[in-house]
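Trainee: I am new to this structure and would like a close look at one part of it. Please take the salt bridges, and then one residue that sits beside them in the discussion.

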Amino acid sequence: QVQLVESGGGLVQAGGSLRLSCVASGIFFRLSTMAWYRQAPGKQRELVATISIARNTNYADSVKGRFTISRDNEQNTVYLQMNTLKPEDTAMYYCAANSNLWGQGTQVTVSS
């Protein structure tokens with residue numbers, strides 16, 4: 001099967017932390033650029049972070065210094081560590097492989 005499965009979302013208070021996980025199946029994970037996107041109701045999908053096969057990373061300005069993307073090639077998993085969460089981080093978070101394979105998403109809700 002070719003799929004991405006996200007987990008780790010939930011409800012947290014502002015200032016709290018969550019770690020999202022995305023497990024990939026049926027792809028050459030080690031040769032894939034991985035990314036996290038998010039989409040809030042009524043807003044367009046936003047690129048949050050990327051990590052290349054060489055583990056180079058990029059982040060949206062809104063999350064720099066707070067979020068960290070990483071990957072474990074042995075487990076075919078990409079992570080998004082989210083610290084100092086803000087209400088504006090509330091969104092459905094999606095994992096993507098090479099920008100053309102998407103998971104179903106995991107909901108992150110940050111209360112004030």
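Mentor: What follows goes through the salt bridges and then turns to a single strand residue. The model is a predicted one.

The count of salt bridges comes to five. One of them pairs the side chains of Glu74 and Arg30, with 3.1 Å from N to O. This pair links distant parts of the chain, its two members being 44 residues apart. Glu74 lies in the loop between strand S7 (67-72) and strand S8 (77-82), while Arg30 lies in the loop between strand S3 (18-25) and strand S4 (34-39). Glu74 has a relative accessible area of 60%, so Glu74 is exposed. Arg30, at 45%, is partly exposed, because the partly exposed class runs from 20% to 50%.

As background, side chains of opposite charge can pair when their charged atoms come close.

Another salt bridge joins Lys64 and Asp61, and their closest N and O atoms are 3.1 Å apart. Lys64 is partly exposed, with a relative accessible area of 48%. Asp61 has a value of 65% and is therefore exposed. Salt bridges that share partners also join Arg38, Glu46, Arg66 and Asp89 into one network.

Within that network, Arg38 forms a salt bridge with Glu46. The closest N and O atoms of Arg38 and Glu46 are 2.9 Å apart. Arg38 has a relative accessible area of 6%, so Arg38 is buried. Glu46 counts as partly exposed because its relative accessibility is 30%.

Arg38 leads on to the strand residue, Val48, since Arg38 is among the residues that Val48 touches. Val48 has its place in strand S5, which covers residues 46-51. With a relative accessibility of 1%, Val48 counts as buried, because buried means under 20%.

Which residues does Val48 touch, leaving out those up to four places away in sequence? They are Trp36, Tyr37, Arg38, Asn58, Tyr59, Ala60, Val63, Phe67, Leu80 and Tyr93. Leu80 is one of these contacts, and Leu80 is 32 residues from Val48 along the chain. The C-alpha atoms of Val48 and Leu80 are separated by 9.5 Å.

To go over this part again on the model, begin at Val48 in strand S5. Go from Val48 to its contact Arg38, and from Arg38 to its salt-bridge partner Glu46.

Conventions: Residues are numbered from 1 along each chain as its sequence is written. This is a predicted model: local features need pLDDT of at least 70, side-chain atom pairs count only at pLDDT 80 or more; totals for chains, interfaces and linings use all residues. Side-chain values use heavy atoms; hydrogens and water are left out. Helices (H or I, at least four residues) and strands (E, at least two) are DSSP runs, numbered from the N terminus. Buried means under 20% relative accessible area, exposed over 50%, partly exposed in between (1.4 Å probe, protein chains only). Contact means heavy atoms within 4.5 Å. A salt bridge is a side-chain nitrogen of Lys or Arg within 4 Å of a carboxyl oxygen of Asp or Glu.
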